[in-house]
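Got a minute to look at a structure together? Let's ask of each label how it was earned, and check it step by step.

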Amino acid sequence: MGKTLFEKVWDQHIVEKVEGGQEILYIDRHFIHEVTSPQAFSGIRNRGIDIFRKDKIVATADHNVPTQNQHLPIKEALSRIQVDALKQNCEEFGIELYGLGHPYQGIVHVIGPELGITKPGMTIVCGDSHTSTHGAFGTIAFGIGTSQVEQVMATQCVLMERPKTMRITIDGEIGKGVYAKDIILYIISKLGTAGGTGHFVEYAGSAVCSLSMEARMTICNMSIEMGARGGMIAPDETTFNYVKDREFAPKGEAFEQAVAHWSELYTDEDAVFDTEYNFDASDIEPMITYGTNPGMGVGISQQIPVMDEVDNPGGLSKSLEYMDFNPGDDMIGKKVDHVFIGSCTNSRIEDLRLVASLVKGKKKANHVDVMIVPGSYQVQQQAKKEGIDKILEEAGFELRQSGCSACLGMNEDKIPKGEYCVSTSNRNFEGRQGPGARTMLVSPFTAAAIAIKGSIVDPREFLMQETAV
Amino acid sequence: MEKFEVLQSRAVLLDAEDVDTDQIIPARFLKSTSREGFGDNLFRDWRYDEEGNEKPDFVLNNNQYSGKILVAGRNFGCGSSREHAAWALYDYGFRAVVSSYFADIFKGNALNNGLLPVQVSEDFLQEIFKKVENNPDQLIGIDLEQQFISIKGMNHHEHFDINSFKKACLLKGYDDIDFLLSKKESIKKFEQQYEEF
Ligand code: SF4
């Protein structure tokens, strides 16, 4: 019997199988950031051991950092202490740090791919659940807890049970105004937030193959939102072209050799998955969430479900109470106070280009605050080079400096209590963007349309305007 | 890590499904660089209002209920990988969480910190909810060696699954790092024949 993509990569990294079904998995790259690493460094210190493979660790500061005036000391004391602790720890143990002010700084899942650190066939971990982003390259990438961060520091390995395999095939044509974010929000709305638990997902099908690398990253990024350990996509020409010539990618002959190896990474025809789902891309319209988990999403032209349409009416009523929405409400026309464009899901250059293409020559609605936070310093510089910053500025949008920002509100970028934020991030949990904040998840294209209109709108209206001109 | 053998305790009922780790410990409380003290902010925004006053309708503020076992609806611990969620539950005093379904990363984090996730059937979960609601002094027993959970004084018990390696670790109070460190030679041998492309 053939092997799945997941099995091929996993099997290449098994050091040893342990009784009870656990396996020792060798890790090629370990990303760390300031929030989930300090306790792991202390653990290493307390054990009196050294870090085993320092050259396989890359560190950045992203979760806590301000997105304005990054050259000044961080105002908030606890954030500053955490960012400083990362710097001291990296210095003490000899780890490469792309901290504030470094040209490679950015959200950990944005910088890995853009620097060519993330490559097909690797195993990658990070103390962050959206590590699944790197799966877009045909990589086994998953989030771990701090105890495991310490394990990897100590031994470059994790101990874990082999997850089950799932394939989600998406064929058919993707509609106009529909983006990767809509595809993944649609899938999560169908499978639920626990639909992928225990599984590693492979996304396949013609619709997935047609996507750019950045769009594939958006899809893999949100695998965790359906409970899956990770998601991956078989590498192809699109992947190789993306990796080629990046800072840390192999060059010349080494690159050719790598491509030969990477080309073997696909699911064999006779391989069997534990679970399979099929979707048709043409069924998908721009999506928006109405509730307090990423599974609570609908097509933007649709209504919030009513109680007898859902499995968990208690959960729905609690969510709608938090959002101050009613069952059966239309999403279109709902009021919006803030628009946040950023996060490891949608803050790459293609996202900013898309936003700029929609807002060019228009103005944001007066009452809406718009925050655009690039995923990395490099994305910010590229946006400036392309004049995107000017287009955004003219539309009344603010392009800030890179970091996680209002995705989780650990820095000062918080949404005030009770206010509505349309966000391109990945989680609409209660209080995620600040205590009492109300989040609706959308694609960058939809977010841009809503910022202009000032209320929830079908972004396809803006496509029609363009064709009419 | 502390050993876990048997636990007999009253239980705290959290009647909610899909409890995510952002609720267990909100991001703004993740700024500590040590593992201690997170219990004070466990379920912060469900437990306290903005002024820091207790919300009387939240179960942790209801002194009828107490104990080392938290019982919650399905898909407990979804969302962020923050191990701080497991630390907060442990620091508050919980030693076991009972649910009909756990998110993967939370489950692993809990096991790595001596907090036992006990996955039971939906029916058994409802049974515990009913019994404890009627009688907050109802004791729940958890026997890790035998892998069963029981509603004390009643003929109700249920078997639960746990990976045999993780079980041995919990019973002995060992952690994975001790084990992996003992495998250093195999890891080095693996590295010699392994090529990264
Ligand atoms: S952008 Fe949001 S989801 Fe992504 S790593 Fe940062 S906090 Fe996590």
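Q: Which residue of E7(B) does Gly141(B) stand opposite?
A: In this predicted model, Gly141(B) faces Ser150(B) in E7(B).

Q: What makes E6 and E7 of chain B a strand pair?
A: Two strands count as paired once DSSP finds at least two bridges between them. Strand E6 (residues 140-143) and strand E7 (residues 148-151) of chain B are joined by four bridges, so they pass the cut-off. They run antiparallel.

Q: Why are E1 and E8 of chain B called edge strands?
A: The open sheet here has four strands in the order E1-E6-E7-E8 (chain B), paired antiparallel. Strand E1 (6-9) and strand E8 (156-159) of chain B each have a single partner strand, so one side of each has no neighbour in the sheet. As for twist, neighbouring strands of this sheet are turned by 10° against each other on average, direction ignored.

Q: How do you know that helix H5 of chain B packs on the sheet?
A: Look at what it touches. Helix H5 (residues 122-134) of chain B is in contact with E6, E7 and E8 of chain B; contact here means heavy atoms within 4.5 Å. The direction of H5 makes about 35° with that of E7(B).

Q: What makes E3 and E4 of chain B a pair, and in which sense do they run?
A: Strand E3 (residues 69-72) and strand E4 (residues 96-99) of chain B share three bridges. At least two are needed, so this counts as a pair. The sense is parallel, and Leu70(B) stands opposite Val97(B) in E4(B).

Q: Which strands are at the edges of the sheet E2-E3-E4-E5 (chain B)?
A: That open sheet has four strands with parallel pairing. Strand E2 (11-14) and E5 of chain B each pair on one side only, and that is what makes them the edge strands. From one strand to the next, the twist averages 20°.

Q: What makes a space in this model a cavity, and how many are there of 30 Å³ or more?
A: A cavity is where a 1.4 Å probe fits but cannot get out. By this rule there are four of 30 Å³ or more. The largest has about 210 Å³ of space. It is lined by 23 residues, and the closest to its centre are His63(A), Asp128(A), Leu408(A), Arg432(A) and Ser80(B). Sorted by class, that lining has eight nonpolar, 11 polar and four charged residues.

Q: How do you know that both domains of chain A help line the largest cavity?
A: Chain A is divided into domain 1 (5-276) and domain 2 (289-468). Each of them gives at least three residues to the lining. The domain centres, taken over C-alpha atoms, are 24 Å apart, and the contact takes 44 residues from domain 1 and 44 residues from domain 2 of chain A.

Q: Where is the centre of the second largest pocket, going by the residues nearest to it?
A: Of its 30 lining residues, Glu161(A), Asp104(B), Lys107(B), Leu111(B) and Asn163(B) lie nearest the centre. The pocket holds about 900 Å³ of space.

Q: Which elements give two or more residues to the lining of the second largest pocket?
A: They are strand E8 (157-161) of chain A, plus helix H4 (104-111) and strand E5 (116-119) of chain B. H4(B) gives the largest share, six residues. By class, this lining has 11 nonpolar, 10 polar and nine charged residues.

Note on methods
Residues are numbered from 1 along each chain as its sequence is written. Chains are lettered from A and ligands numbered from 1 in the order in which they are written. This is a predicted model: local features need pLDDT of at least 70, side-chain atom pairs count only at pLDDT 80 or more; totals for chains, interfaces and linings use all residues. Side-chain values use heavy atoms; hydrogens and water are left out. On a 1 Å grid over the protein atoms alone, a cavity is a set of points where a 1.4 Å probe fits but cannot get out, and a pocket is an open set with protein on both sides within 12 Å along at least five of seven lines; lining residues have an atom within 4 Å of a point. Grid points are joined across faces, edges and corners, and a volume is the space filled by probe spheres set on the points. Ala, Val, Leu, Ile, Met, Phe, Trp, Tyr, Cys and Pro count as nonpolar, Asp, Glu, Lys and Arg as charged, and the others, Gly among them, as polar. Domain bounds come from an automatic or database domain assignment. Axes are lines fitted to C-alpha atoms, for helices over the stretch in contact, and angles run from 0 to 180 degrees between N-to-C directions.
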